[in-house]
Amino acid sequence: MRQDHLITATQLSRDDIEAVLDRAREVAADPEAYADRHAGTMLALCFFEPSTRTRMSFDSAAKRLGIDTIDMGDVDSSSVSKGESLADTVRVIEGYADSIVLRHPSEGAATLAAEFVDVPVINAGDGAGQHPSQTLLDLHTIRENHGLDDLTVGIMGDLKYGRTVHSLATALTNFDARQHFISPESLRLPRSVRFDLHETGAQVREHDDLEAVLPELDVLYVTRIQKERFPDENEYHRVAGEYRIDADTLEAAPDDLTVMHPLPRVDEIAPDVDDTDHARYFEQAHNGIPVRMALLDTLLENAEADEGMEVDR
Amino acid sequence: MSDHELRVSKIRDGTVIDHVEGGQALNVLAILGIDGSEGLGVSVGMNVPSDRLGRKDLVKVEGRELSQSEVDVLSLIAPEATINIVREFEVVEKNRVTRPDRVAGVLSCPNRNCITNADEPVETRFEVVADGVRCDYCSTVLRSDIADHIDV
Ligand SMILES: [Zn+2]
């Protein structure tokens, strides 16, 4: 991957993705070999939105590469609440760290941050925009279970605001994958994502319910439908209830169906699914470590190479 | 001298934006950030008969030339427009607008949650796509509603 930052899934080619996933495989096979690879460097964790798992996942991945991490802490206690712009914040943090992981409630935040700093920026979620490092670990999980070609994927839940969905759907267009989108009418894919899918010639197949497509699927990617997306609570309960799965639902699924979820789940996947062979969401979460290690390793390597070329620029 | 020529040559120094699609004249003024309070001499012709467009609008602004960003956005709502620069009553330069790859500034992103709407030190930037423009930051696509998002 010859990229300086990871901002959106649209920037990733098939080669980029496979290069990172190949490296993730190597990391998983021999983590010791990577243990001190980036000792003496520093990663800044900048989460302008609450997150525990993504933050911890990056923290853990960094430390396993010998990278030290510094954490901006909660937004309430930082200068952000005093009205500092993101552009200023990241320019200050650039002086403290060799790379930045950024989560922010506004769409486009990571794009903006990358314009103001020279160190690698990884988008760990920008509003209802993108979450490309999640996508890499999603793709790793799919690849290890099914491979990435001749694949049928169903993506279900909140497709409108779900940033993991946006990144995954665009990234899958690099592969021979049929995609089915299952959601209530009001939570279908936004225009921006449809645009990217149409650009690549991908077909957007939309469904109101899972039943008809379930038997065809290799992968079912479930996301949470949030209460705040609905004007009233009754409407939420009525709609969300139709997009829950349990072990019974999966009776109609192929034996080798892989069920994924970016987590945290609330009740969209019943606990009885955990005991089936379909459940891969914990494996998926664990894959965050080797994949984020591979990603950090790649971006830092690219940054070092860039530094070496500085004179020629 | 035809009526048409009379109309476009009446200002002394400034810009005449001609062959604007009928109905877009006020949007042209919005792109230029003109609301009358600047004290510039402005005249607007609406629904003037035109061979090329059937009916066209035109806008004449005394003492003002256009920036590239303004011309770029103008091309989106008035792709047939010609821009005449007038000095001492003479048209000294006449240009057709061309569709740019990107437009910077002038438009605001319709996505309220876009980082460009959050008091950051950046100009908006949109990629010009087949049937509209697309925010470089949040990817929101703006189509027929471009004129509603002129930032004045
Ligand atoms: Zn935007």
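Start by selecting A:K63 and A:D59 in this predicted model. The two side chains form a salt bridge, with the closest N and O atoms 3.0 Å apart. Now show helix α2 of chain A, residues 53-64, around them: A:K63 and A:D59 sit four residues apart in this helix, so about one helical turn separates them. If you run a search over the whole structure, you will find 34 salt bridges across all chains.

Stay in chain A and move to A:L263 and A:P264. The peptide bond that joins them is cis, and its omega is near 5°. To find the surroundings, display the loop between β9 (258-260) and α9 (281-286) of chain A, where A:P264 is located. Why flag this bond? Because most peptide bonds are trans.

Next, bring both chains into view and select the interface. On one side are 20 residues of chain B, in contact with 19 residues of chain A. Together the chains bury about 1,500 Å² between them, and carbon and sulfur atoms give 52% of that area. How many salt bridges does the rule find across the interface of chain B and chain A? There are two. One to pick out is A:D196 with B:R134, whose closest N and O atoms are 3.0 Å apart. For polar contacts between chain B and chain A, the count is eleven residue pairs, with both residues at pLDDT 80 or more.

Keep the chain B side of the interface coloured. Strands β7 (125-129) and β9 (141-142) of chain B each supply at least two residues to the side that touches chain A. Sorted by class, this side of chain B has nine nonpolar, four polar and seven charged residues.

Those two strands lead straight to a sheet. Select β6, β7, β8 and β9 of chain B: they make an open sheet of four strands in the order β6-β7-β8-β9, with antiparallel pairing. At the edges are β6 (102-104) and β9 of chain B, each pairing on one side only. Zoom in on β6(B) and β7(B), which run antiparallel and are joined by three bridges. For a specific pair, pick B:V103, whose bridge partner in β7(B) is B:F126.

Now add helix α3 of chain B, residues 68-77. This helix lies across β6, β7 and β8 (132-135) of chain B, and runs at about 125° to β6(B).

For the other chain B sheet on this tour, select β1 to β5. These five strands form an open sheet in the order β2-β3-β1-β4-β5, and the pairing is antiparallel. β2 (42-50) and β5 (90-96) of chain B stand at the edges with a single partner strand each, so one side of each has no neighbour in the sheet. Look along the sheet to see the turn between neighbouring strands, which is 20° on average, direction ignored.

Inside this sheet, focus on β1 (residues 14-21) and β4 (residues 82-87) of chain B, which pair in the antiparallel sense over five bridges. Click B:G14 and then its bridge partner in β4(B), B:V86.

Your last stop is B:H19, also in strand β1 of chain B. Is the phi of B:H19 positive or negative? B:H19 is a residue other than glycine, and its phi has a positive value, near 55°. That is worth a look because most residues other than glycine have a negative phi.

Methods. Residues numbered from 1 in each chain as written. Chains lettered and ligands numbered in written order. Predicted model: local features only at pLDDT ≥ 70, side-chain atom pairs only at ≥ 80, totals over all residues. Heavy atoms only, no water. Contact = heavy atoms within 4.5 Å. Buried area = accessible area lost by both parts, 1.4 Å probe. Salt bridge = Lys/Arg side-chain N within 4 Å of Asp/Glu carboxyl O. Polar contact = N/O pair within 3.5 Å; in protein donor to acceptor, adjacent residues only side chain to side chain. Nonpolar A, V, L, I, M, F, W, Y, C, P; charged D, E, K, R; others polar. Pairing = 2+ DSSP bridges. Axes fitted to C-alpha atoms, helices over the stretch in contact; angles between N-to-C directions.
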